[in-house]
Structure formats: C-alpha cells, structure tokens
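Work through the exercises below with the model open. Try each task before reading its solution.

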Amino acid sequence: MRQVRYTTSPLLASKTPVWRSKFVVAMLALAFLALIGRAAYVQVWGKDFFQRQGEVRFARTLELPASRGRIFDRNGLLLASSVVAPSIWAIPEDVDRDPAKLQQLGKLLGMSTKELNHKLADQSKTFVWIKRQVDAPVAQQIADLKIPGIYQRKEYKRRYPEGQAAAHVVGVTNVENQGLEGAELSFENLLAGKPGSRRVLKDRLGRVVEAVGDEVPPVDGADVQLSIDSKIQFFAYQKLRDAVTTHKAKSGSVVVIDGQTGEVLALANYPSYEPDDRRSLTGARMRNIAVTDVFEPGSTMKPITVATALNAGKVTPRTVINTAPGTYQLDRFTIRDTHNYGKLTVEGVVQKSSNIGALKIAQRLTAEQMWGVFTELGYGQRPELKFPGAAAGRVRPWKSWRPVEQATMSYGYGLSASLFQMVHSYTAFAHDGRVVPATLLKQTEGVAVDGAPVFSAKTAQAIRKMLQMAASPGGTGQRAQTVGYSVGGKSGTARKQVGKGYASDKYRAWFTGLAPIETPRVVVGVMIDEPSKGQYYGGLVAAPVFSEVVQQTLRIMGVQPDMSVKPEIVSEQVQESL
C-alpha cells in the first residue's frame with residue numbers, strides 16, 4: 001500500500017506570512033478582552049440594571065388581600081361580612097382546548113363555550129380574567145378538572161344577610177371589594193384594612209418558584225357597629241313596601257331616629273335592590289332617596305313656623321287667628337285652605353293644617369327670624385351624618401325673600417329638604433327644644449346627648465301637644481294613632497314640581513311625627529312618592545305606615561305603653577291644604 005506523505009502537500013509547503021498569524025492571535029485576544037469587558041460591565045457597573053430587568057421578567061410582588069371588616073347592627077346581628085371567593089384566570093396559550101373539559105368549565109362558570117373561547121382567543125396575552133369571585137364549591141370543582149393554563153386567585157366578596165331590607169343603609173362594594181354606597185362607602189377607611197405583600201420569583205407559566213425577602217402580612221379591616229336595629233329596619237321596609245304596592249306609588253322612604261340619642265334606627269327605601277346580585281345594581285335603585293332626594297316639605301313646616309312664633313313671644317297656643325273666608329290675597333297670588341275654618345287658635349292652625357293661619361302667624365315674624373330657625377334645624381345645610389350623597393336642600397338667604405315667599409315658606413313651599421332632614425329637625429320637639437346630632441354608629445348606652453338649642457323646653461312641649469291634636473280625632477293625621485302609645489305628628493301633601501310649575505296629578509305624601517308624647521323616644525318620617533290609586537293625602541297614605549312602624553319600634557325598644565285607649569278615627573276629612 002502506497003504511503004501518503006502529508007508534508008509534501010503543496011498547501012503545507014507554501015509559506016504563510018507572519019503577519020497573518022499575528023492578526024489571528026490579535027483578533028482572538030480582542031474577542032477575549034471584549035468578553036471580559038462585557039462580563040465586568042454586567043457583573044460590576046451594570047449590575048443594578050440587569051438585576052432590575054431580571055426582576056421585571058421573573059420577580060413579582062403578590063398582594064395578600066386583607067379581609068374587609070364586618071358590619072353589625074346595634075344588637076350584634078351581622079349585616080355584612082366577607083367570604084372567600086376565588087377568581088378564575090388563564091394564560092390563553094397554555095390552556096388545554098379539550099372541548100369536553102371546556103364545556104364542563106363553562107357550565108360551572110355559567111357561560112357558554114363560545115363565550116369562554118372568546119375570552120381565550122388572544123393567545124399573545126399572559127393573563128386573562130375568566131370570572132371574578134366564584135363560590136368556593138364551584139372553585140373546587142374547577143380545580144378538580146385540572147385544566148392546564150387555568151388558575152385561581154384568592155379573593156373575597158361580601159355577603160348581606162338582610163338583603164333588600166337594609167341595602168340602602170348598609171350599601172354595597174364593587175368587585176375590588178371597595179365601598180360603593182351606604183355604610184360600606186361611609187366607613188371605607190375603617191372597613192378596608194391594609195393588604196399585605198409577598199415577593200416571589202415566577203416561571204413563564206406563572207408558577208411560584210421561590211419566595212424572595214420577608215412577607216408583609218395583611219391587616220384586616222375593623223368591624224363597624226351601626227346604630228341600625230335590623231328588626232326595626234326589616235319591619236319598616238316591609239310596611240313601606242306594602243304601602244307603595246297598595247297605592248301603586250312610584251317609591252317610598254321611611255326614617256326612624258331615636259329622639260334622645262340621635263341614633264338612626266332604620267332607614268329604608270322601596271324599590272330596593274339585592275346587594276348580593278350585581279345585576280340589580282342600577283343607579284336608580286341604588287340611590288338612597290331618603291337622604292339624596294329633596295322636595296318641598298309642605299305642611300310639615302307649619303309646626304316649625306308656629307314654634308318660631310311661640311319662641312319669639314309673638315303668639316301663644318290660644319291666640320286666635322282668623323282664616324275666613326278660606327282664601328287670602330297676597331300681592332297677585334291667592335292662597336287657599338281646603339275649607340273655610342273661620343277663627344282658629346294657634347293650636348287649631350296646626351290641627352287643621354291651615355295655610356292661611358300659618359302665613360298670618362309668619363307675618364308676625366321677620367324673614368331673618370324664620371331663616372335663622374330653619375338653618376339651625378338643618379335646612380339648607382348638608383347633614384353631618386356620614387352618608388354618601390346626602391343632600392343639603394335649599395333655603396334662600398332671607399334678604400332676598402319677598403312677602404309672598406315668606407308666606408309660602410311658612411307652610412312648606414319655596415324651600416326644599418330631604419325626608420331625613422325633616423325627621424331630624426323634629427328631634428328639636430322630642431328633645432325639649434334641642435336638635436340632637438344624628439349618627440349611624442351605635443352610641444354608648446347611658447351617656448347623655450345634649451344637642452344644639454333652638455327652642456325653649458316650654459315651646460317644644462306646646463308643639464308636642466299640637467302635634468298630638470293633629471294626630472287625634474279632628475286632625476288631619478288621625479290614622480297615625482297607635483294602640484297603647486300616644487303619638488303626635490304632621491301630615492303633608494305637595495304637588496310635584498314639573499319644570500317651573502306644578503303637576504296637577506302628581507303628589508308626594510308624607511307624615512312626620514314622634515312618640516310617646518310626654519318623653520318622645522322615636523321620631524319617624526314616612527314619604528310616599530306619586531300614589532296613584534285615588535288617595536294621595538299624607539294623612540291617608542303615609543300616616544298608617546307611621547302608625548305601624550311607631551308601634552312596633554316602641555315595642556322592640558321595650559318602651560312601656562302610656563295609653564290604654566284604642567285609636568279613635570272619626571269621619572272628619574283628612575285633607576291638608578296644598
């Protein structure tokens with residue numbers, strides 16, 4: 001076999017220039033220097049930058065949700081609480097598209113396969129919510145399916161045991177567990193708590209690989225105890241619902257305040273909404289009309305006008321006011337009563353609800369005197385009650401009042417107020433002339449509540465007697481009487497404003513009063529909006545609701561009856577002057 005001598009190859013035998021080998025060695029040296037320089041830059045000068053970039057891609061700060069505080073009524077009964085409700089999310093690219101499993105998943109989540117596929121359509125996304133806050137048993141069934149790419153995140157959602165009855169006072173949270181309405185919003189800072197955090201490293205599938213650093217535990221929200229009594233709240237809502245339905249009204253409201261402490265015992269509206277069902281959370285139903293909607297208070301203002309005159313020494317309860325012939329001409333306006341009552345005492349003016357009597361009493365006062373009392377009682381001012389959207393109403397500055405405006409304000413036209421403001425102002429009559437600060441939080445028992453003085457105790461006592469007469473036989477609110485308890489109050493009926501005028505067939509009817517008369521424990525207001533089944537006067541539509549709510553409230557509070565006589569209703573007319 002012939003041997004091959006590689007050294008005889010002409011390629012090897014040719015002489016290579018020395019500079020070429022030196023150049024190759026130099027290039028290799030430069031490459032190594034570049035690598036060393038790059039390594040030094042990455043490890044020394046650019047260290048912080050590259051660490052941040054790595055953290056951006058793989059390090060995550062997981063929020064550890066805090067449990068929202070609970071809401072209780074004054075007796076410790078639960079009104080709102082948080083329960084674990086996992087949320088379902090996905091990485092579309094990694095989801096197993098097995099039709100059978102996707103169909104099962106859609107069925108558990110209450111959505112069609114088409115809807116589910118639509119959520120998973122964009123495979124460029126690395127995070128997609130499938131459904132927020134599902135019930136724990138459903139979440140467990142989804143976990144048992146073991147579908148790749150489908151994950152869960154621990155979250156909380158609220159439960160409201162009292163449902164529609166307490167919805168407007170307790171309120172509701174959004175899907176992020178933040179207060180939207182009612183006490184949930186008013187006491188957000190207390191209820192929300194502070195979420196914790198945990199620093200982790202994740203892989204591309206979103207799985208936690210390693211924990212980094214110390215965990216900051218969440219701080220759960222504080223519990224809140226409201227002044228609301230859930231039994232009174234439910235009963236008031238039930239009777240209001242029945243009245244609105246019976247009279248085919250648009251809506252209605254009830255407010256119950258403890259006349260001695262200022263605690264709000266009940267605040268209900270109908271129609272209401274189901275706080276556990278987010279599909280029912282429409283703006284109209286969620287609006288708390290008892291505190292947000294204002295209207296002309298009508299005859300409810302007559303006792304306040306009379307109290308102002310009594311306190312100023314302009315009249316006495318027995319002062320005679322001539323209301324004949326049932327009409328009164330003021331400038332170019334004619335003011336009417338429903339009947340020609342002739343001569344009435346001041347007590348009779350309140351009992352018969354005479355517009356002419358009220359304006360003649362007001363004419364003995366200055367506009368500044370009336371305005372001063374109105375504002376001291378809270379009219380035209382936003383209530384101090386911590387409640388979202390509470391309206392201030394409107395009382396124009398007294399310097400701009402014309403004589404006819406002062407006259408109409410004496411019987412409740414030309415100013416506006418919410419039902420809550422009307423009820424709160426009557427605490428001055430319940431608390432011997434002092435307006436008690438209203439509160440949604442339970443107060444310490446046995447602690448005396450003072451209040452801002454508006455009238456003398458003697459004036460408040462005289463007005464309570466007049467209110468009792470108005471709710472007795474011969475008065476316009478006799479259907480407000482209860483079994484076992486003395487009551488007093490004033491009915492009101494007003495035409496609704498339409499543009500710059502008043503509707504001829506749309507009314508608001510209400511009744512505001514207190515009980516028992518000697519030492520009032522509760523002040524209650526009832527408003528029925530647009531009753532349309534024939535009856536629309538406050539004495540006929542709202543007074544019966546007042547009667548039932550007052551009687552049940554005083555029983556629940558353990559107040560001893562002060563009367564043994566059953567209510568007496570005579571065939572006297574119950575029309576208020578509009």
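**Exercise 1. Locate Pro-271 and Pro-516, and give the geometry of the peptide bond before each.**

Step 1. Pro-271 sits in the loop between β14 (264–270) and α11 (283–286). Helices (H or I, at least four residues) and strands (E, at least two) are DSSP runs, numbered from the N terminus.
Step 2. The bond from Tyr-270 to Pro-271 is cis, with omega near 5°.
Step 3. Pro-516 belongs to the loop between β22 (501–515) and β23 (522–529). The bond from Ala-515 to Pro-516 is cis, with omega near -20°.

The model is predicted: local features need pLDDT of at least 70, side-chain atom pairs count only at pLDDT 80 or more, and totals for chains, interfaces and linings use all residues. Residues are numbered from 1 along each chain as its sequence is written, and side-chain values use heavy atoms, with hydrogens and water left out.

**Exercise 2. Place Gln-133 and Asn-177, then decide: buried or exposed?**

Step 1. Gln-133 lies in the loop between β5 and α6 (136–145). Gln-133 is not a glycine, yet its phi is positive, about 55°.
Step 2. Gln-133 counts as buried because its relative accessibility is 8%. Buried means under 20% relative accessible area, exposed over 50%, partly exposed in between (1.4 Å probe, protein chains only).
Step 3. Asn-177 is in the loop between β8 (172–173) and β9 (179–181). Phi of Asn-177 is positive too, near 65°. With a relative accessible area of 14%, Asn-177 is buried.

**Exercise 3. Derive the strand order of the sheet that contains β4, and find its edges.**

Step 1. The order is β5-β4-β6, an open sheet of three strands with antiparallel pairing. Two strands pair if DSSP finds at least two bridges between them.
Step 2. β5 (128–131) and β6 (150–153) each have a single partner strand, so one side of each is left without a neighbour in the sheet.
Step 3. Neighbouring strands here are turned by 40° against each other on average, direction ignored. Axes are lines fitted to C-alpha atoms, for helices over the stretch in contact, and angles run from 0 to 180 degrees between N-to-C directions.
Step 4. Four bridges join β4 (residues 87–90) to β6. Ser-87 has Arg-153 of β6 as its bridge partner.

**Exercise 4. Describe β21: its partner, its burial and the contact made by Thr-493.**

Step 1. β21 and β22 run antiparallel, joined by 10 bridges. Gly-488 is partnered with Leu-514 in β22.
Step 2. The two strands form a hairpin with two residues between them, and Gly-499 in the turn has a positive phi of about 65°.
Step 3. Eight of the 11 residues of β21 are buried, so the strand is largely enclosed by the rest of the structure.
Step 4. Thr-493 is found in β21 (residues 488–498). Thr-493 counts as buried, at 1% relative accessibility.
Step 5. A polar atom of the Thr-493 side chain lies 2.8 Å from the backbone nitrogen of Gly-538.

**Exercise 5. Characterise the lining of the second largest pocket.**

Step 1. The lining holds 22 residues; Glu-296, Thr-408, Tyr-413, Gly-414 and Tyr-502 lie nearest the pocket's centre.
Step 2. β17 (333–336), α17 (403–410) and β21 each supply at least two lining residues.
Step 3. The lining divides into nine nonpolar, six polar and seven charged residues. Ala, Val, Leu, Ile, Met, Phe, Trp, Tyr, Cys and Pro count as nonpolar, Asp, Glu, Lys and Arg as charged, and the others, Gly among them, as polar.

Conventions:
Polar contact = N/O pair within 3.5 Å; in protein donor to acceptor, adjacent residues only side chain to side chain. 1 Å grid on protein atoms, 1.4 Å probe; cavity = no way out; pocket = protein on both sides within 12 Å on 5 of 7 lines; lining within 4 Å.
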